[in-house]
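User: Please take a close look at the salt bridging for me. Start from the sheet, work outwards, and keep it relaxed.

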Amino acid sequence: MEPEISKNDIIITKKSSSYEINDVITFAKDKNYITHRILSKNNDTYITKGDANNTADNPVTNEAIIGKVIKVYPNLGIWKEVFTNPKILVIIFVTLVIFDIAFSYEPKTNKKINIKKLNKEEPEITKNEIKEIKDNIDDLEEDYTIRLDLTQIQKNINKKINKEDKINND
C-alpha cells in the first residue's frame, strides 16, 4: 500500500456493514492481515489490490474483512518492535535500576560516641573514662570527629590555680 501506508505504520480499522470502491480495507488471509484498496464490488465479495502491486487479489468475502482503515499512524510500528525486543527491555530495566540507586543513595553518617557529660562535682576525667572513650574510638571503622566541650574543665582548673595562688600568697 505504498505510499499511503508503509511498513511499520500502525492502522486503525472500523467494521462496517458495507464497503465502497476505493475504500482501503484490512482482511484476514491464511492467518495474515492484508491491507489493500477495493477495486470492485460484486454482491458480498470484493476485488482488492495493493497500490504498489501489479495484479488484483482473489475475491474477498465480507466475513474475511476486519474493517475499513480510518486512521494511519506513520512509523509507530517501530516502537512495537523496540519494546518487544528482550535485549532492549533488559537495557531499559537496568538503566532504571541504576538511576534509582543513583538518586536514592545517601552517604553513611558518622557514628556518635556517647561521652559522659561532666558535671560540677566531677570536674576531672578519670583514666578509666579516657580508656573507655579511646576503646570506643578504636572500635569505629569509619572516619569520625570528636568535639569535647572543655569550658567547664577549664573553669575548674582556673579556680584551683587561683586557690593555690591565694594559699601561696598568704
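Analyst:
**Salt bridges against the sheet**

Let's begin at one spot between strands: lysine 29 sits opposite asparagine 32, a residue of β3. Strands here are DSSP runs of E with at least two residues, numbered from the N terminus. Bear in mind that this is a predicted model: local features need pLDDT of at least 70 and side-chain atom pairs count only at pLDDT 80 or more, while totals for chains, interfaces and linings use all residues. Numbering starts from 1 along each chain as its sequence is written, and side-chain values use heavy atoms, with hydrogens and water left out.

β2 and β3 run antiparallel, joined by six bridges; for a pairing, DSSP has to find at least two between the strands. Zoom out and you get an open sheet of six strands, ordered β1-β6-β2-β3-β4-β5, with antiparallel pairing. The edge positions go to β1 and β5; each has a single partner strand, so one side of each lacks a neighbour in the sheet.

Now the salt bridges. There are three of them in the structure, counted when a side-chain nitrogen of Lys or Arg comes within 4 Å of a carboxyl oxygen of Asp or Glu.

Take arginine 37 as the hub. Glutamate 4 makes a salt bridge with arginine 37, and their closest N and O atoms are 2.4 Å apart. Since glutamate 4 belongs to the segment before β1 (10-14) and arginine 37 to strand β3 (residues 32-42), this pair ties together parts 33 residues apart in sequence. Aspartate 51 also forms a salt bridge with arginine 37, here with 2.9 Å between the closest N and O atoms. Aspartate 51 comes from the loop between β4 (45-49) and β5, and arginine 37 from strand β3, so this pair ties together parts that are 14 residues apart in sequence. Put together, Glu4, Arg37 and Asp51 are linked in a network of salt bridges.

How do these residues sit with respect to the surface? Arginine 37 is buried at a relative accessible area of 17%, whereas glutamate 4 is partly exposed at 41% and aspartate 51 is partly exposed at 32%. (Buried is under 20% relative accessible area, exposed is over 50%, and partly exposed is in between, using a 1.4 Å probe and protein chains only.)

Over to the remaining pair. Aspartate 23 and lysine 68 meet through their side chains in a salt bridge, at 3.5 Å from N to O. Aspartate 23 is in the loop between β1 and β2 (24-29) and lysine 68 is in strand β6, so parts 45 residues apart in sequence are tied together by this pair. Here the acid is the buried partner: aspartate 23 has 13% relative accessibility, while lysine 68 is partly exposed at 31%.

One more loop residue, this time by its contacts. Asparagine 62 is found in the loop between β5 (60-61) and β6 (65-73), and counts as buried with a relative accessible area of 17%. Setting aside neighbours within four places in sequence, asparagine 62 contacts Lys15, Ser17, Tyr19, Asp44 and Tyr46, where contact means heavy atoms within 4.5 Å.

So, to recap the picture: arginine 37 in β3 is shared by glutamate 4 and aspartate 51 in a network, and aspartate 23 pairs with lysine 68.

How values were computed:
Helix = DSSP H or I, 4+ residues; strand = E, 2+ residues; numbered from the N terminus.
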